[in-house]
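Student: I'm new to this one, so could we go through it step by step? I'd like to ask about one spot at a time.

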Amino acid sequence: MKKQLVLEDGTVFIGEGFGSDTQKFGEIVFNTGMTGYQEILSDPSYCGQIVTLTYPLIGNYGINPDDFESISPAVSALVVREAAEFPSNWRSGQTIDSYLKMKGIPGISGIDTRKLTKIIRTHGTLKAAICGVDVNPAEIVEKLAATKLRNDQVKQVSTKSPYPSPGRGRRVVIVDFGMKHGILRELNDRNCDCIVMPYNATAEEILRLDPDGIMLSNGPGDPKDVPEAIEMIRGVLGKVPLFGICLGHQLFALACGADTTKMKFGHRGSNHPVKDLKTGKVAITSQNHGYTVDSTSISGTDLEITHIALNDGSIEGLAHQKAAAFTVQYHPEASPGPEDAGGLFDQFLEMVELQREEAEYAKA
Ligand SMILES: NC(=O)CC[C@H](N)C(=O)O
């Protein structure tokens, strides 16, 4: 069945529909990863977004039971050049078409994704819709202009109630703003005794759990739409070691008095070079963000810039100069993408260990 992709600037692409037949509106973004479509689809940070993948052949190794980053994908729709109908991989359990049908997510294939990406790069991220060809595109453009995209994505994807993911090691409270499973997996792999809390948990509720460390997860949308989290971070900062990833990094920056801004089209891909300013080392990182911490807003705060993006010089890492806390804009949990930055979880746990030892020493 033919479908159309309509952009708010009036551009129309006609393609072949796959997945669900529902009509969807969203913000259109592109990801340049050559693999990892399953992790991208199930990353809750894409909530409300239509994702186009620049790699032309998608679905060729199928969908498997192991690589999900959430139970239910929150992405609005998927745009590809070619959706493989006959995947080939020993782990594959179903096609991308059957998975998207099952999850109620529309897909469109046969699209010139290179042209589409050039439009997004020139114009910046735009609103878009996927619908049947029976709909008049001019009507959709009008609707898109009048549509204000939702700003409650974190609430949509965060857990509604706390749950444990037990381990025998240090207790880490993960605040779930739309947590990728990879973060929990990395902490559980290091024996952490994890408790996952909803996005609006207060500082008191978190401190009552007697955590050794607090992890601020990734998540969708604009960090300024989550003021309750900014207040919570202010309440725990300096009391318990903190580690933040992506949205967690942006919220931490806001809590410390810095500012965030929306980027023209963001960073989404699996090969973004990031430089550690202390060691000079460069890591190839997995990224998915449309907002960034404003580098002109750091002076006057207690923050120090620890990492920068080599493609555009934007901030990729921050550390607090007085409290045990650091954050990164990229994804050390990878999934998908390179694992160069996985050591940051060890660095966090070393910080946790040190704080505990100091506290025990002070008590003795
Ligand atoms: N992956 C994330 O946590 C994304 C953070 C934020 N929603 C952004 O787009 O910048």
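Student: Which residues does the UniProt annotation "binding site" cover?

Tutor: Before we start, keep in mind that this is a predicted model. The annotation comes from an unreviewed UniProt entry. In that record, "binding site" covers Ser 45, Gly 219, Gly 221, Leu 247, Gln 250, Asn 288, Gly 290 and Tyr 291.

Student: Why can we say that they gather at one spot, when they span 247 residues in sequence?

Tutor: Look at the C-alpha atoms rather than at the numbering. The stretch of sequence spanned is 247 residues, yet no two of the C-alpha atoms lie further apart than a certain limit, so they gather at one spot. That limit is 13.2 Å.

Student: Let's take Ser 45 from that list. Is Ser 45 buried or exposed?

Tutor: Find Ser 45 in the loop between helix 1 (37–41) and strand 4 (49–53). Leaving aside neighbours within four places in sequence, Ser 45 is in contact with residues including Gly 178, Asn 218, Cys 246 and Asn 288. The cut-off for burial is 20 or more other C-beta atoms within 10 Å. Ser 45 has 30 of them, so Ser 45 is buried.

Student: And where does Gln 250 lie, and which residues is Gln 250 in contact with beyond four places in sequence?

Tutor: Gln 250 lies in helix 9. Gln 250 is buried because 32 other C-beta atoms are within 10 Å. Beyond four places in sequence, the contacts are Pro 223, Thr 260, Tyr 291 and Val 293.

Student: Which strand gives the most to the shell around the ligand?

Tutor: The residues around the ligand are Ser 45, Asn 218, Gly 219, Pro 220, Gly 221, Cys 246, Leu 247, Asn 288, His 289, Gly 290 and Tyr 291. By type, they divide into four nonpolar, seven polar and no charged. The top contributor, with four residues, is strand 16 (residues 282–293).

Student: Cys 246 is in that shell. What else does UniProt list with Cys 246 as "active site", and what is the largest C-alpha distance?

Tutor: The unreviewed entry lists Cys 246, His 331 and Glu 333 as "active site". They are spread over 88 residues of sequence but cluster in space, with a largest C-alpha distance of 11.1 Å.

Student: Where is Cys 246, and which residues does Cys 246 touch?

Tutor: Cys 246 is in the loop between strand 14 (242–245) and helix 9 (247–255). Cys 246 counts as buried because there are 29 C-beta neighbours inside 10 Å. Not counting residues up to four places away, Cys 246 touches Ser 45, Asn 218, His 289, Gln 329 and His 331.

Student: What about Glu 333: which residues does Glu 333 touch?

Tutor: The loop between strand 19 (325–328) and helix 10 (343–363) is the place of Glu 333. Glu 333 counts as buried too, since there are 26 C-beta neighbours inside 10 Å. Apart from residues up to four places away in sequence, Glu 333 touches Lys 180, Gly 182, Ile 183 and Glu 186.

Student: How far is Ile 183 from Ser 335 in space?

Tutor: Ile 183 lies in helix 6 (residues 181–189). Among its contacts beyond four places in sequence are Met 215, Ile 245 and Glu 333. Ile 183 and Ser 335 are 152 residues apart in sequence, but C-alpha to C-alpha they are 9.3 Å apart.

Student: Met 215 sits in strand 13 (residues 213–216). Which residue of strand 14 is the bridge partner of Leu 216?

Tutor: Both faces of strand 13 are covered, with Gly 213 and Met 215 buried on one side and Ile 214 and Leu 216 on the other. Strand 13 pairs in the parallel sense with strand 11 (residues 171–176) over four bridges, and three bridges join strand 13 to strand 14, also parallel. Within strand 14, the partner of Leu 216 is Gly 244.

Student: Now the barrel. In what order do its seven strands close?

Tutor: The pairing in this barrel is mixed, and neighbouring strands are turned by 35° against each other on average, direction ignored. Helix 3 (residues 113–123) packs on this sheet and touches several strands, including strand 1 (2–7) and strand 9 (126–132). The order of the strands is 1-2-8-6-4-3-9.

Note on methods
Residues are numbered from 1 along each chain as its sequence is written. This is a predicted model: local features need pLDDT of at least 70, side-chain atom pairs count only at pLDDT 80 or more; totals for chains, interfaces and linings use all residues. UniProt positions are given in the numbering used here, feature names are shortened, and annotations may be inferred rather than shown by experiment. Helices (H or I, at least four residues) and strands (E, at least two) are DSSP runs, numbered from the N terminus. A residue is buried if 20 or more other C-beta atoms lie within 10 Å of its own, exposed if 12 or fewer, and partly exposed in between; C-beta atoms are placed from the backbone. Two residues are in contact if their C-beta atoms, placed from the backbone, lie within 7 Å. Two strands pair if DSSP finds at least two bridges between them. Axes are lines fitted to C-alpha atoms, for helices over the stretch in contact, and angles run from 0 to 180 degrees between N-to-C directions. A residue is near a molecule or strand if its C-beta atom, placed from the backbone, lies within 6 Å of it. Ala, Val, Leu, Ile, Met, Phe, Trp, Tyr, Cys and Pro count as nonpolar, Asp, Glu, Lys and Arg as charged, and the others, Gly among them, as polar.
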